[in-house]
Amino acid sequence: MRNRFEDNRFEDMVSRSLDNVPEPRDSEIEALRQFAEALPRREAPRMRNMTYAGVAAILVLVVGLTVRQFLFFGTSSVGGQDHLVDTLDPRYGRCYGDQQTVLAAFAMDHAADFTTHFPHADPLHLPEVDQPAFVVVFAEKWSGGDLPGRPVGSPTSLAYTDTQHDVCVWVGSADSGEAYLFARVNTADFAP
Amino acid sequence: VDIAMDDRLRNLVTRSVSGDGVAFSELVEPYLREAWSLASLICGHRCDPMDPMQDALLSAWKDLRKLREPTAFRAWFFKHVSRAALKSAKNERRGAQVEGRMDPGEDSIDRQVAGRTLLRAISALAARDRAVIVARYYLGLTDKETGHLLSIPEGTVKSRLSSAMQRLRASYDAEERR
């Protein structure tokens, strides 16, 4: 058989054979044409919509967070640093955050974490140190008269330095916890 | 005429990239039949050409932004078709064996039968051998163009085509003896 097909003749035969390859039916070409036509609708718009939806979601999130930040959170400064004031937490009110200016208000997983946040503060005498807690740092000396809750320590007539503040710690849940107030807490290097 | 065609191609590509499905359909339509046959030849008797064709259309659509020269769309699109067909050949799914049509025209019956035998022999080759043979003898591409189509170096095209043709001859002889 090979004798009948010299190299060039064999190549010619290959070419001719391939010219006879079956062609697609018209219905198949039409199906492919419709498939091509539908691709932008199936792919691009979906991608664009996803992009728009994604951008919209991000914008809503950013706006929401910004609004939340400005409406319900504030930043204040202790020791020259800005700190978060979480006014949304119900323990904020329990700890008298709404009674005078607050420098910082934040939650702690455990009451025992207090010294982590206030590295130079004297150890507090807190019960249930494993309980979740909420801290409110007052900007000025407590002026609410007799300290509510269970005061620990007492404000003095001495002027406070920039790193001394009265602090309320709410220990326990919002419904069943208890407030502890501490006077002249050393807030140097304080970090929420 | 060429300039007008080029402008039309550029316009269709631009519109397609912007999400115009009708434009994309118009862009690919002139090449669909040839592309279908290309896919059919490369993926062989084990696959349905419609599968790689749809894959190729999808990948071409997604990559259309990367097409630097719209006037080279045909070669670029066939590259997508070849790639999809080779991939389908690996999957080895279903489909009818590639059979040449019996043309009552000028070819003798013997030649037609020989052509069909040769097509069966081509179908029996490995997909990458089929691809290089189809690129040369069906699309009529040069070594350089074939290399571009199949994403292989030009030197590899030469060696692969040579060995593929040797295997085709052997396969053809085997078919003839059956």
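**Figure 1. Helix 1 of chain B, with its exposed and buried residues.** In this predicted model, B:Ile3 and B:Thr14 are exposed on the other side of helix 1 of chain B from the buried residues of that helix, which are B:Leu9, B:Leu12, B:Val13 and B:Ser16. Seen down the axis of helix 1 of chain B, these buried residues fall within an arc of 100°, so they line one face of the helix. The 16 residues of the helix (residues 2-17) should span 22 Å at 1.5 Å a residue, and the separation of its end C-alpha atoms, 22 Å, agrees with this. The helix is followed by B:Gly19, whose phi is positive, near 105°.

**Figure 2. The chain B fold as a whole.** Chain B has nine helices and zero strands, so that its pattern, read along the sequence, is α-α-α-α-α-α-α-α-α. Of its 178 residues, 51% count as buried. Among the contacts in chain B between residues at least 6 apart in sequence, 67% join residues that are at least 24 apart.

**Figure 3. The largest nonpolar core and the surroundings of B:Ile133.** The largest nonpolar core has 67 residues, and those with the most contacts inside it are A:Val14, B:Leu57, B:Phe73, B:Phe77, B:Ile133 and B:Leu168. Leaving aside neighbours within four places in sequence, B:Ile133 is in contact with A:Val14 and A:Leu18 of chain A, and also with B:Leu125, B:Tyr138, B:Leu161, B:Ala164, B:Met165 and B:Leu168 of chain B. A second, separate core has 19 residues, among them A:Leu103, A:Ala104, A:Val171 and A:Tyr180. In soluble globular proteins, nonpolar side chains tend to be buried together.

**Figure 4. Strand 6 of chain A and its covered faces.** Eight of the eight residues of strand 6 of chain A are buried, so the strand is largely enclosed by the rest of the structure. On one side lie A:Gln164, A:Asp166, A:Cys168 and A:Trp170, and on the other A:His165, A:Val167, A:Val169 and A:Val171, all of them buried, and both faces of the strand are thus covered. In a regular strand the side chains alternate between the two faces of the sheet.

**Figure 5. The strand partners of strand 6 of chain A.** Strand 6 (residues 164-171) of chain A runs antiparallel to strand 7 (residues 178-186) of chain A, and seven bridges join the two. Within this pairing, A:Val167 has A:Phe182 in strand 7 as its bridge partner. The two strands form a hairpin with six residues between them, and A:Gly172 in the turn has a positive phi of about 105°. Strand 4 of chain A also runs antiparallel to strand 6 of chain A, through five bridges, and A:Phe134 stands opposite A:Trp170 in strand 6.

**Figure 6. The setting of A:His117.** A:His117 lies in helix 5 (residues 114-117) of chain A. At 15% relative accessibility, under the 20% limit, the residue counts as buried. Not counting residues up to four places away in sequence, A:His117 touches A:Phe106 and A:Met108, together with A:Asp189, A:Phe190, A:Ala191 and A:Pro192.

**Figure 7. Chain A as a whole, with the confidence of its elements.** Chain A contains five helices and seven strands, which follow the pattern α-α-α-β-β-α-β-α-β-β-β-β along the sequence. Buried residues make up 39% of its 192 residues, and residues 24 or more positions apart account for 62% of the contacts in chain A with a separation of 6 or more. The chain averages a pLDDT of 74, with 65% of the residues scoring at least 70. Among its elements, helix 3 (residues 44-71) has the lowest mean pLDDT, 53, and strand 4 (residues 133-138) the highest, 91. Over residues 44-50 of chain A the pLDDT is below 50, and beyond near neighbours in sequence this stretch has six contacts in the model.

Conventions
Residues are numbered from 1 along each chain as its sequence is written. Chains are lettered from A and ligands numbered from 1 in the order in which they are written. This is a predicted model: local features need pLDDT of at least 70, side-chain atom pairs count only at pLDDT 80 or more; totals for chains, interfaces and linings use all residues. Side-chain values use heavy atoms; hydrogens and water are left out. A nonpolar core is a set of buried Ala, Val, Leu, Ile, Met, Phe, Trp, Tyr and Cys residues joined through side-chain atoms within 4.5 Å. Buried means under 20% relative accessible area, exposed over 50%, partly exposed in between (1.4 Å probe, protein chains only). Contact means heavy atoms within 4.5 Å. Two strands pair if DSSP finds at least two bridges between them. Helices (H or I, at least four residues) and strands (E, at least two) are DSSP runs, numbered from the N terminus. pLDDT is the predictor's confidence in each residue, from 0 to 100. The expected span of a helix is 1.5 Å times one less than its number of residues. The arc is that of the directions from the helix axis to the C-beta atoms.
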